[in-house]
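Notebook open, coffee poured. I wanted to look through this model at my own pace and jot down what turned up.

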Amino acid sequence: MKKTRGNSIWKELFLRLIHNKRAIFAMAILLLLILIVIFADLIIPYSKAVDQNILDRFTRPNSSHWFGTDKYGRDQFARTIHGTRISLLIGFGSATIAAILGTTIGVAAAYFGGKVDNIICRILDIWMAMPSLLVTLAIIAGLGVGIPQTIFALAFGATPGFARTLRAAALSVASQEFIESSVAQGASHGRIMLHDLVPNVISQILIQFTMNVSYMILLGSTLSFLGLGAQPPTPEWGAMLAEGLQDYQFYPYLVMFPGMFLALTALAINIFGDALRDGFDPKLKGRA
Amino acid sequence: MSVPVIECIELKKYFDTPFGKLHAVDNVSFKLEAHKTLGIVGESGCGKSTLGRTILGLHKATSGKVLFDGREIQDLPAKQMKPLRKEMQIIFQDPYSSLNPRDTVSQIIAQPIRIQGILKTPSEIDARVQELMDIVGLGKRFANTYPHEMDGGRRQRVGIARALAMNPKFIVCDEPVSALDVSIQAQILNLMMDLQDQMGLTYLFITHNLAVVKHISDDIAVMYLGQMVEKSETEALFKDPLHPYTQALLKAIPIPEIGHRNSIKNVLKGEVTSPIEPKPGCRFAPRCPYATDACRSVEPQLKEVKKGHFVACHLFDDAKECTE
């Protein structure tokens with residue numbers, strides 16, 4: 001319930017992470033990205049990312065435009081920095097929604113078992129059988145383009161996979177006797193799921209969540225690249241790639257910088273996810 | 001006679017399996033008086049644990065009745081069951097999986113108090129947890145430790161403290177010592193007997209260990225494949241076992257004596273038959289040295305052949321029903 005005193009699992013995880021060089025690298029990049037998200041306006045004003053200046057178009061990277069300018073003369077550095085906000089918002093937003101929905105569905109399936117589990121699993125089967133990009137496109141077609149719609153559509157596609165993993169993790173917890181003990185004490189279903197099951201699968205939730213964030217960032221950029229995510233003139237990495245693609249043969253820096261940020265972000269989050277998995281792995285802990 | 005704390009009437013619990021119905025508990029009836037301990041013995045898979053859990057409503061009974069203080073409880077909805085949960089608790093076999101690994105000892109013991117809302121303020125709850133830890137002999141220093149930091153005996157004490165938290169009347173003890181070292185077993189058993197004296201508890205004590213059950217029980221019921229085959233006072237059962245299965249069980253107790261090694265005779269042959277869709281007749285018949293045709297076709301009923309001594313066996317068909 002309350003984690004006021006240092007719970008050993010978190011201490012151990014922390015120790016494992018700071019002794020893992022790749023994890024340090026990933027955390028450094030993530031910290032940098034978070035700082036960028038928070039202080040984007042201090043680094044460079046948003047207006048520079050959207051204001052057009054036709055006289056300055058296609059400037060190669062120099063001291064006043066670090067990442068150069070595009071065909072409208074917009075500063076690519078400002079666009080990349082402010083694009084971080086949008087990309088991370090899409091990634092974290094959709095992964096959070098998928099985590100909440102997926103955990104609820106997965107844990108409920110594992111806890112109630114029997115018919116409920118069967119019905120939920122069949123629904124998940126159908127849900128996962130639909131090609132996710134197609135469904136995402138269909139949802140956006142139905143709801144219209146925009147960032148909230150993108151987040152919702154991505155979350156919808158990620159939820160069944162999340163639920164599957166969490167169900168598997170919660171199943172092994174649900175069969176333990178302390179769950180029965182809570183029933184014998186008169187605990188409600190909700191309390192048992194929230195207090196007994198979720199804390200015991202928190203590691204799987206975190207790992208899944210992290211992996212989903214990087215995937216959602218990439219998928220969000222894919223949508224923007226296709227013109228279905230962030231709309232111009234909103235700066236977003238995928239959208240920048242799509243715009244830069246028209247002129248990249250002559251001005252390769254237009255796709256280089258947003259592409260680099262995108263790849264580096266996904267890489268860092270994936271490495272961090274791997275480190276989390278290693279950190280939580282009970283086989284490495286020397287105790288069951 | 002006073003109203004028994006627990007009474008089961010033709011209690012049945014069947015599980016659905018792909019191969020048919022598994023008769024885990026079949027037609028079990030008994031009464032358990034206050035402040036007494038009923039030991040349930042039988043080999044693995046005979047339905048002992050299922051019986052305990054069905055009585056507490058952790059498994060829904062297939063049919064039959066469970067009476068707690070004379071009140072039927074087997075079909076009560078969760079809302080009406082909740083206040084009754086205070087009165088009946090369970091101590092589990094495995095002190096590893098029966099404690100939530102994410103909670104500290106004090107959180108575990110406080111959980112039933114919080115769920116039932118008996119005490120409201122944190123200081124009251126803390127005091128009660130402290131008191132319970134004292135009762136079961138756990139030092140104050142363990143209040144903030146996690147279960148994995150303790151040894152098996154101490155964990156089991158946590159489990160007992162949790163069961164006692166609401167001052168229950170009746171406790172199902174599901175093999176509470178079989179996962180512990182022998183020296184710790186004795187400590188825990190003595191603790192449980194002391195608690196019974198002090199708090200007037202009633203135990204349903206499930207075990208496969210005959211030495212343990214002899215030590216703690218007033219009465220013993222022997223189960224075989226979901227059915228109760230014999231029930232009697234502890235003394236009488238050990239002195240004069242009636243059912244062939246009970247006799248075989250008692251013979252299997254090793255006797256600590258030099259040269260005794262090869263003297264065990266009449267060891268039961270064969271395997272326990274499947275509890276799924278059992279054949280008619282006595283379930284023990286395929287392994288019973290005295291089995292007759294009647295045993296293979298007609299199911300024997302539990303019958304009081306001596307005062308307080310019940311047995312379900314065709315060998316005693318001719319014995320007169322003992323009426324008081």
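**Between the chains.** I started where the chains meet: 26 residues of chain A are in contact with 29 residues of chain B. The model is a predicted one, so I keep in mind that these totals use all residues. I then looked up the area buried between chain A and chain B, which is about 2,400 Å². Carbon and sulfur atoms give 46% of that area. How many salt bridges are there between chain A and chain B? The count is two. I noted a salt bridge in which the side chain of B:Arg53 meets that of A:Glu177, with 3.4 Å from N to O.

**Eight strands in chain B.** Next I traced an open sheet of eight strands in chain B, and I wrote down its order as 6-7-8-3-9-10-12-11, with mixed pairing. Strand 6 (88-91) and strand 11 (303-306) of chain B stand at the edges; each has a single partner strand, so one side of each has no neighbour in the sheet. From one strand to the next, the twist averages 20°.

I also checked what lies against this sheet. Helix 1 (residues 48-55) of chain B packs on it, touching strand 3 (37-41), strand 7 (170-174), strand 8 (202-207) and strand 9 of chain B. The direction of helix 1 makes about 150° with that of strand 8 of chain B.

**Strand 8 and its partners.** Strand 8 of chain B got an entry of its own. Is strand 8 of chain B enclosed by the rest of the structure or open, and why? Six of its six residues are buried, so strand 8 of chain B is largely enclosed by the rest of the structure. I sorted its side chains by direction: B:Thr202, B:Leu204 and B:Ile206 point one way, while B:Tyr203, B:Phe205 and B:Thr207 point the other way.

Strand 3 of chain B pairs with strand 8 of chain B in the parallel sense over five bridges, and there B:Ile40 stands opposite B:Ile206. Strand 7 of chain B is likewise parallel to strand 8 of chain B, over five bridges, with B:Cys173 opposite B:Phe205.

Further along, I found strand 9 (residues 219-224) and strand 10 (residues 227-233) of chain B paired in the antiparallel sense over six bridges. Here B:Asp219 stands opposite B:Glu233.

**Four strands in chain B.** I then turned to an open sheet of four strands in chain B, with the order 2-1-4-5 and antiparallel pairing. Its edge strands are strand 2 (20-32) and strand 5 (71-72) of chain B, each pairing on one side only. Nine bridges join strand 1 (residues 6-17) to strand 2 of chain B, and B:Lys31 in strand 2 is the bridge partner of B:Glu7. Helix 1 of chain B packs on this sheet too, touching strand 1, strand 2 and strand 4 (63-68) of chain B. I read about 115° between the direction of helix 1 and that of strand 1 of chain B.

**Cores.** Last stop: which residues have the most contacts inside the largest nonpolar core? They are A:Leu17, A:Leu197, A:Val201 and A:Leu276, in a core of 76 residues. I followed A:Leu197 outwards, and its contacts include A:Val107, A:Tyr111, A:Ala170 and A:Ile192. Apart from that core lies another, of 36 residues, among them B:Ile91, B:Leu132, B:Cys173 and B:Ile216.

Notes
Residues numbered from 1 in each chain as written. Chains lettered and ligands numbered in written order. Predicted model: local features only at pLDDT ≥ 70, side-chain atom pairs only at ≥ 80, totals over all residues. Heavy atoms only, no water. Pairing = 2+ DSSP bridges. Helix = DSSP H or I, 4+ residues; strand = E, 2+ residues; numbered from the N terminus. Axes fitted to C-alpha atoms, helices over the stretch in contact; angles between N-to-C directions. Contact = heavy atoms within 4.5 Å. Core = buried A, V, L, I, M, F, W, Y, C linked by side-chain atoms within 4.5 Å. Buried < 20%, exposed > 50% of the residue type's maximum accessible area, 1.4 Å probe, protein only. Buried area = accessible area lost by both parts, 1.4 Å probe. Salt bridge = Lys/Arg side-chain N within 4 Å of Asp/Glu carboxyl O. Lists of a residue's contacts leave out its neighbours within four places in sequence.
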